[in-house]
Every structure is written in structure tokens, then in C-alpha cells.
Amino acid sequence: MPLSTLQPNRYKGKLIIVEGIDGSGKSTQLSLLAQYLRSQGTPVAFSAWNSSPLVKETTRRGKKKEMFTPTTFSLIHATDFADRLERYILPMMKAGAVVCADRYAFTAYARDVVRGVSREWVRNLYRFAVRPNLSFYFRVPLEVAIGRILGGRDAIKYYEAGMDLGLSRNIVESFRLFQGRILEEYDAMAEEMGFHIIDASGSIEKQQKQMREIVNRELGACLGPPPGGGPPPGVAPSGRTVGVPAR
Amino acid sequence: MNRTPLQFFGDPLPDVDLGELQGKLIVIEGPDAVGRSTQVARLRVWLEESGHAVLDTGMARSALAGKGIQQAKDGNTFGPVTMTLFYATDFADRLENEIIPALRAGFVVLTDRYIFSIIARAIARGEDRRWIENVAGFALVPHVVYYLRAGVPDLVARVVFGRGQFDYWESGMDLGMAKDMYDSFVKYQAKLIRALDSMSERYGFVTIDASRAPDAIFADLQRSIAQFFSDIKLPPAPRPRRGVSAAAVQAPSRRAPGRRTATPAAQAGMSVR
């Protein structure tokens, strides 16, 4: 199913999204980009995967009690996404903001398919989503990503490691296998989805420079203070951050 | 479209062996306040008395999503796509964790609403029909879908005389069609009925005139359901009354497309699947 199944962006604002496996550094890069855009006077809104206040409680319960099947896991994330889209992303785009989304429907395309959900079904599921103006894929070798994850945070969680797939009883090994398969899915869809591929094994500075160049080249005319000037007097040009950064 | 009972309508659920399923899946559909839950409760008792184990289930009752849906409804903050998908999540959880295990164990599953209500609500809210039909494609084809159909005035009467007040969501207040719940209820339920009617033929609904007394509806359901069980004796046929023949089991309106009569003859043709 081609990318055109997503809805065209008919709004004033633009949509920039980042994708990549856990530990690819995409969230870091997106916050740096948002910072940059704000400093230029561009109104920015930020939305992270799996952060809808309406759905959070259900997702938390499902994860805690390990209640999810591949289908319900897929559906609850789509519900979360729909809520953020309907209540936050679309209104902000209508208002002319550049919306920065940490993960987008492509995360589901990759993850849910690895979990065994049908490829066509999950693509149809997200058909209501708006097609991003720019999609960045932070491509990183599996071992680099795993090194970052294991070195950085505390324990890897059950569903992050894809433990529900029964790939391995060792959580690190399961994580490795699961993320490896997701990486393959991302690679396979990169061209079809028009991803801008960033080599995420390079330095943070180099990646950010590349990202900003692409944003300026592709969306330059839409950036900067909105017509009629920047924020009203006394209001700092900051975008609201909704939810916690996605992992 | 797949029509064999206990097959998937569309893309299959991962990890389900359909060969293991042996129960019966019976769906009661219809608009709000039409009397579905009353009928489900009576059917359950009747089937259990006949020696059949029954699982009854209905919308927003899943362990996973039931609470979340209730909270979202309480806050009146449901966007249309979010609502559709939250109900789809709830349905999937019940299908995988209740309905399929019960069918595997040979239960009769009586379900108060199925994917058709989810689809109808999405259509009433202007969502793309093909999108939601596809999303709901993991549902199992039921043995039979009874569509309890009544006109909006009947539904209004049941709300007024029955529960005594209009409900925000049953009135479709989120659609912003009217200022008060009565006006909105009338418009919204008419939309739902139109949407259900539009699915009737495609999904082979057996339409039952639910503007009648509960006893008459129950008798029709019993007669029809008995066809699926060799060990259930049909209750004595009702004495014919003026204006109500055996063919009372049919769409009360000319608008219902593809209506099927559930006269014994028609049923015999339809239920041997």
C-alpha cells in the first residue's frame, strides 16, 4: 500500500516526524531541532508516541499485567495516536504550528508487523493520519543502539524487548532480536515512505546540522515567525510539550 | 466477503487456530434502547436451561479497555476516530480473551452488539466506511446476526418510560447536531439505524421487528435460534393474531434493504451453514 494512503496535509502548519529503533538518538535530535525552530521564531508543537492522557491509563494497565496481544497492542497505540492527532496535532497544524512528532504511524508499521499483525491491516489502520511533510529515519547499526540503551537507562521493559513474541527468554537477547527485526522493517519501507535517512552513528552535532539543512531546504519558506509577527508581547516563543518523550 | 461462520471477515488474527472453534456465535445488534440486553438476558437463561453453556459479552466490558472507555466518556473528550479505535481495542480484547476461548470450549457466545455497532457509530460520525470495516476485519463471522430494528419514536418511548433520561453519548451529543439531548437523540439514532440498514444485506442480518412487545421478540429469537441446535425443542408456535403473522419477523420499514424474513422456511435455508 503506497504512502498516498495517508491523508495529504491541507493545513497551514507543517509536520516533521522522526523514526528509528530505540537508542537511535532520534528524540535527542528532534528536541534540538525544535529548539532551533523556536529560536527562529517558528511556532512549534511537540507530540510523543504513546503519550495521550486519555489512553495512558489503559496502556499502563495492559503493560503492567502483560495483557496485550499483537492486535490489542496495535489497536491501543492507534487509539493513543488518534487522540493526539484529533485533539492536539491537527488543531496545532491548523493554527500554523510546525508539529514535531517523536515517532509516527511508521513505528506501528514496523513494530506491529514484527509482532505478527498483517502489513495491510496496520497500514489501513493508520489511514486517517496526515502525511508528514518531512520524515527523518535515524539509521543506526543494531549494536550501537543496544550499547546506548544498555549503557544509559535502567532495565529494558517487557514489551520494548518484544518479550511477548517469545524470541528468547533472555531479555537482552530478546531486545536484540526484536529491534533487529524492526530495523529490517524500517529499512524495507524507507524508500517507499520517502524517509530522509540520517546516519545515526555519526556525532550528534553532525546529525543535527544535516537535519537543519534538510528542514531549511524543504520547509524554509514556511519557517520563522507567522505572518503578523511572532508571539504576542510577553509570551515566550515556546511550544508546549505534551506527554513524556517516547522511548 | 467471507461468510462462513467462525472464519475471519478479513485479515486473520495471529496465533488463532480456527479449527479448534466449535461453539456458536450469536450476535444481537440494534440501536440504543431497542431492548437488546433484555433479550440477551432471557436468551441466556433459556439456553442454559436447555443445557448449553453461555458466555454473554457486550461493548466496553473488556478487562483491558472497559475502564478507559468509561473514563473517556465521563470526560466527554472522545474524538470520533479515537472513539472508534478505543471500542475496536475493547472488542479485540474480548474477542481474543473471552469469545474465542469460549468458542474453543464449545460455549454459545451471546454478544450484545458486535463490530456492526462500532462500524455504524463510525459511519454516523463521518468516518470512512472501508477504513473501519477493514480495521474490524479480524472479527469472526457469526453464525447469525439478529438486528433488532425499531423506529426512532419507539426508541424515544423506551428511553422516556424506561431509563427516564437521555444519555449524552446515546444522543450523539459529540456530533454537535442539536442543542438538546432529545433533538440530538432523534437525529443520531436515525443515522445509526440508516448505517445498520446499510450493512444489513452485506452481512446477512436477520431483521426482527423490535417495535413489538419483548415477549414477541423473544419468541421470534427462540424460534430462530432453535435452528442451530438439534437438541432444542421449539416452543409452541404463537397463536396467529390479526395483523401479525409468522412473517412479523422482518424489517418494519421499507427502508431496510436486504431484509430477511425469519420464518421457519427462510431460516432453514439460512442457518444450514
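**Exercise 1.** Determine which residues of α3(A) meet α3(B), and classify the contact.

*Solution.* Taking two residues as in contact if their C-beta atoms, placed from the backbone, lie within 7 Å, one finds A:T71, A:T72, A:L75, A:I76, A:A78, A:T79, A:A82, A:D83 and A:E86 in α3(A) against B:V81, B:T82, B:L85, B:F86, B:A88, B:T89, B:A92, B:D93 and B:E96 in α3(B). These residues divide into nine nonpolar, five polar and four charged. The model is predicted: local features need pLDDT of at least 70, side-chain atom pairs count only at pLDDT 80 or more, and totals for chains, interfaces and linings use all residues. Residues are numbered from 1 along each chain as its sequence is written, and chains are lettered from A in the order in which they are written.

**Exercise 2.** Describe how α3(A) and α3(B) pack.

*Solution.* The axes, lines fitted to C-alpha atoms over the stretch in contact, are 8 Å apart. The angle, on a scale from 0 to 180 degrees between N-to-C directions, is about 170°. The helices are therefore roughly antiparallel (over 145 degrees).

**Exercise 3.** Establish where the buried residues of helix α2 of chain B lie.

*Solution.* A residue is buried if 20 or more other C-beta atoms lie within 10 Å of its own, and exposed if 12 or fewer. In α2(B), residues 66-74, the buried ones are B:G68, B:I69 and B:A72. Down the helix axis they fall within an arc of 100°, so they line one face. On the other side, B:Q70 and B:D74 are exposed. The cover over the buried residues includes α2 (56-64) of chain A and α3 (80-104) of chain B.

Methods
Helices (H or I, at least four residues) and strands (E, at least two) are DSSP runs, numbered from the N terminus. The arc is that of the directions from the helix axis to the C-beta atoms. Angles under 35 degrees count as roughly parallel, over 145 as roughly antiparallel, 65 to 115 as roughly perpendicular and the rest as oblique. Ala, Val, Leu, Ile, Met, Phe, Trp, Tyr, Cys and Pro count as nonpolar, Asp, Glu, Lys and Arg as charged, and the others, Gly among them, as polar.
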